[in-house]
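Student: I would like a close look at a single part of this structure. Please pick one spot, take me through it slowly, and then show me how other parts compare in kind.

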Amino acid sequence: VSNDRISAFLDDLGTSLLLAYMKPGTTEITLSTSPNNISTTGPIVTFVKTRREALTEDNLLACVSVNTLTQSPTQSLSSMLSDVFAPMLLGGEVTSLPPSLRTTLGDLKSGLESASRRGGSTTSGSATAGGIDDKDLSGIRELCDEFKFWDELQKKPPNAATSERATLVMEAYRPLVTGYTDLSSRDTPEVIELLEKTQDSLDSLWKIKRGVAPFPEERMLYVFSLIGVELIKYVQDKLNGVDLWHGPHTAVREPLRRSLHIIERWVLVTDDLTTKIWPGYPHRKFNGKKYNDEYLLGFKDRLEEVLNLRAVHEQITGLVGEGAIPAGATDVLDHAQALRYSTYNQQQWKSAVQEYGKAIASAETRVASTLRKHFSSLSGQPYQLLNEFQLYKDLVARPVVSKELAQEREDLLGQLSR
């Protein structure tokens, strides 16, 4: 590390910038006091003096602004302007910016977003003669960016071939644009219908007119993930108003079932496309593996677990009464914020579920005793008994109850085998 650059930034009134980055293929930190000729494609940490004065321990926090550039300069500036400065300067009711400057800032925001969607490089992948690389996905943060990318490319193509291809892509996407733009306002049947249209549109993209450059497989799988994110946001928005742990069971169960239906339908769409439809298309076979969106599937598992826990809670209170479960037992689940699924909070969620399990263990023992008496009254009626096991399947699967009713399960299997 070159300490002279650090010293210049700290003490030289004429040095207002310090950049830190690693050159490709190395782990050594390189420092620079100039933004020109930075030889890296990785993250850059910037330290900028906000005042022209020597830095001390007393003024360091007030005089230095720190930022990390993880994308190209255009994309980094666009992200900061769109997510931070534009909302602060343009979104408030009161602003000191004159109208002309507000207009200029809005135009700059739109222009940077458009440029960012075209990616951070123009030299790799399937770049066109106009410098557009459709394998560079660094500027496509949301599904709406994907739609805008092809729409803008169609309206301002660099050449005739790109114009034809962008037009065909937009023809495939057009039935989806309004649906995903207004997704939050749609009910479950409308979302299911949209997913059916999505399957048709993506199939059209994969089978784009022969003689035109194919839609990249990497981009298609990325679009899959973007749609998954949109569906998760939709479900989270719809369930945010539901009291998962204290609301009436039916008021919780039905929204959860609708949400799971949507997620399961999308999983089925991607399964069909990547394992049945595209592998059998003779002009362009899909040779990859079945598409698995691990984040989406993890979120789906979380919803199923919430639904299971609510069913168990309802069945326990129905069999042995509300008083059997300690007051506040579900608070630990409430605090775990089940809908905010991530690998980061997965351990927190598991711990909350385990703590809840300990809180209801004594109630589960009472439930096992109640169910044992109930099941014994149906001895000699195996199919009726099977129906009752099915009715209480979530509860019977709980470790405490399962252990207590092991003999009853064996008896049922014996009756069914006779």
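Tutor: Let us start with a lining. The residues around the second largest cavity divide into five nonpolar, two polar and one charged. This is a predicted model, and the values here are computed from it. The lining residues are Trp 266, Val 267, Thr 270, Tyr 291, Asn 292, Asp 293, Leu 296 and Leu 297. Asp counts as charged, so the charged member of this list is Asp 293. The space inside is about 50 Å³. In the structure there are two cavities of 30 Å³ or more.

Which helices build the wall? Helix 9 and helix 10 (294-320) each supply at least two residues of the lining. Helix 9 gives the most, with three residues.

Stay with helix 9, which spans residues 249-277. Asp 272 and Lys 276 both lie in this helix, four residues apart, about one turn. The two form a salt bridge, with the closest N and O atoms 3.5 Å apart. Are the two partners buried or exposed? Buried means under 20% relative accessible area. Asp 272 has 16%, so Asp 272 is buried. The cut-off for exposed is over 50%. Lys 276 has 59%, so Lys 276 is exposed.

That pair is local, within one helix. Now take salt bridges that reach further along the chain. The structure holds 19 salt bridges. In one of them, the side chains of Arg 141 and Asp 83 meet at 3.0 Å, N to O. This pair links distant parts of the chain, 58 residues apart. Arg 141 sits in the loop between helix 4 (99-117) and helix 5 (143-155), while Asp 83 sits in helix 3 (residues 73-90). Arg 141 is partly exposed, at 45% relative accessibility. Asp 83 is partly exposed too, with a relative accessible area of 46%.

Arg 117 and Glu 152 form another salt bridge, and their closest N and O atoms are 2.5 Å apart. Arg 117 lies in helix 4 and Glu 152 in helix 5, so the pair ties together parts that are 35 residues apart in sequence. Both Arg 117 and Glu 152 are buried. There is a third partner: salt bridges that share partners join Arg 117, Asp 145 and Glu 152 into one network.

Next, an open site. The largest pocket holds about 310 Å³ of space. Its lining includes Leu 19, Pro 35, Ile 38, Ile 44, Leu 69 and Gln 71. The whole lining divides into six nonpolar, six polar and no charged residues.

Leu 19 and Ile 44 lead to the strands. Strand 1 covers residues 17-22, and strand 3 covers residues 44-49. These two strands run antiparallel and are joined by five bridges. Tyr 21 has Ile 44 in strand 3 as its bridge partner. Ile 44 also lines the largest pocket.

Strand 1 has a second neighbour. Strand 2 (residues 29-32) pairs with strand 1 over four bridges, again in the antiparallel sense. Met 22 stands opposite Ile 29 in strand 2. The hairpin of these two strands has six residues between them, and Gly 25 there takes a positive phi near 85 degrees. Why call strand 1 largely enclosed by the rest of the structure? Five of its six residues are buried, so the rest of the structure largely encloses strand 1.

Note on methods:
Residues are numbered from 1 along each chain as its sequence is written. This is a predicted model: local features need pLDDT of at least 70, side-chain atom pairs count only at pLDDT 80 or more; totals for chains, interfaces and linings use all residues. Side-chain values use heavy atoms; hydrogens and water are left out. Buried means under 20% relative accessible area, exposed over 50%, partly exposed in between (1.4 Å probe, protein chains only). Two strands pair if DSSP finds at least two bridges between them. On a 1 Å grid over the protein atoms alone, a cavity is a set of points where a 1.4 Å probe fits but cannot get out, and a pocket is an open set with protein on both sides within 12 Å along at least five of seven lines; lining residues have an atom within 4 Å of a point. Grid points are joined across faces, edges and corners, and a volume is the space filled by probe spheres set on the points. A salt bridge is a side-chain nitrogen of Lys or Arg within 4 Å of a carboxyl oxygen of Asp or Glu.
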